[in-house]
Amino acid sequence: MLGVKVVCVGKLKESYWRDAVAEYEKRLRPLCRWELIELGEARLPTDPSPGEIAGALEKEGEQILRQVSGTVFPLCIEGK
């Protein structure tokens, strides 16, 4: 059976994001294994340097890659 794993950085706090994920789950659950994973955000200082931002993004990217396998579809314009 196909498995769908949605991995997001940060908690889904806003109700419209929770509603969107619930709709995806409702439609996909009968067809596949469904899993939602919320990863913690990397902490940055108040005025981060470009190097600190790049390091935080690298750290979050490594967290994502530890959670996924198989074919990956990034749902972000900047996703690689």
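**Exercise 1: a salt bridge in α1**

Work out how E23 and R27 come to form a salt bridge.

*Solution.* Start with the contact itself: E23 pairs with R27 in a salt bridge, and their closest N and O atoms are 2.6 Å apart. Bear in mind that this is a predicted model. A salt bridge needs a Lys or Arg side-chain nitrogen within 4 Å of an Asp or Glu carboxyl oxygen, so you can check the distance against that cut-off. Next, look at the spacing: the two sit four residues apart in helix α1, so about one helical turn separates E23 from R27. Finally, look at the surroundings. R27 is exposed, with a relative accessible area of 58%, while E23 is partly exposed at 30%.

**Exercise 2: growing the network**

Which residues are linked with E23 in a network of salt bridges?

*Solution.* Stay on E23 and look for another partner. The side chain of K26 also meets that of E23 in a salt bridge, at 3.3 Å from N to O. K26 and E23 are three residues apart in helix α1, which again puts about one helical turn between them. K26 is exposed, and its relative accessible area is 56%. Put the two contacts together and you have the network: E23, K26 and R27.

**Exercise 3: completing the count**

How many salt bridges does the count come to?

*Solution.* Two contacts are already on your list: E23 with R27, and K26 with E23. Now add E25 and R29, whose side chains meet in a salt bridge at 2.5 Å, N to O. Check how open this pair is: E25 is partly exposed at 28% relative accessibility, and R29 is partly exposed too, at 44%. The count comes to three salt bridges.

**Exercise 4: the cysteines**

Find out how far the sulfur of C32 is from the nearest cysteine sulfur, and how many disulfides there are.

*Solution.* Recall what you're looking for: a disulfide is a covalent bond between the sulfur atoms of two cysteines. Begin with C8, which is buried, with a relative accessible area of 16%. Then turn to C32: the nearest cysteine sulfur belongs to C8 and is 16 Å away, and C32 is in no disulfide. The cut-off is 2.5 Å, so you can see how that distance fails. C32 is buried as well, at 5% relative accessibility. The disulfide count is zero.

**Exercise 5: an aromatic pair**

Is the pair of Y16 and W17 stacked, edge-to-face or tilted?

*Solution.* A search of the whole structure turns up one aromatic pair. The ring centres of Y16 and W17 are 5.5 Å apart, and the planes meet at 40 degrees. Stacked planes are under 30 degrees apart and edge-to-face planes over 60, so this pair is tilted. As for accessibility, Y16 is exposed at 53%, whereas W17 is partly exposed at 44%.

**Exercise 6: the largest pocket**

Describe the lining of the largest pocket, and say which element gives the largest share.

*Solution.* Take the volume to begin with: about 1,800 Å³. The lining has 42 residues, and those nearest the centre of the pocket are V7, I64, F73, P74 and L75. The elements that give two or more residues to this lining are β1 (3-9), α1 (15-28), β2 (33-39) and α2 (50-67). The largest share comes from α2, with nine residues. Sort the lining by character and you get 24 nonpolar, eight polar and ten charged residues.

How values were computed
Residues are numbered from 1 along each chain as its sequence is written. This is a predicted model: local features need pLDDT of at least 70, side-chain atom pairs count only at pLDDT 80 or more; totals for chains, interfaces and linings use all residues. Side-chain values use heavy atoms; hydrogens and water are left out. On a 1 Å grid over the protein atoms alone, a cavity is a set of points where a 1.4 Å probe fits but cannot get out, and a pocket is an open set with protein on both sides within 12 Å along at least five of seven lines; lining residues have an atom within 4 Å of a point. Grid points are joined across faces, edges and corners, and a volume is the space filled by probe spheres set on the points. Ala, Val, Leu, Ile, Met, Phe, Trp, Tyr, Cys and Pro count as nonpolar, Asp, Glu, Lys and Arg as charged, and the others, Gly among them, as polar. Buried means under 20% relative accessible area, exposed over 50%, partly exposed in between (1.4 Å probe, protein chains only). Rings of Phe, Tyr and Trp (its six-membered ring) pair if their centres lie within 6.5 Å; planes under 30 degrees apart count as stacked, over 60 as edge-to-face and the rest as tilted.
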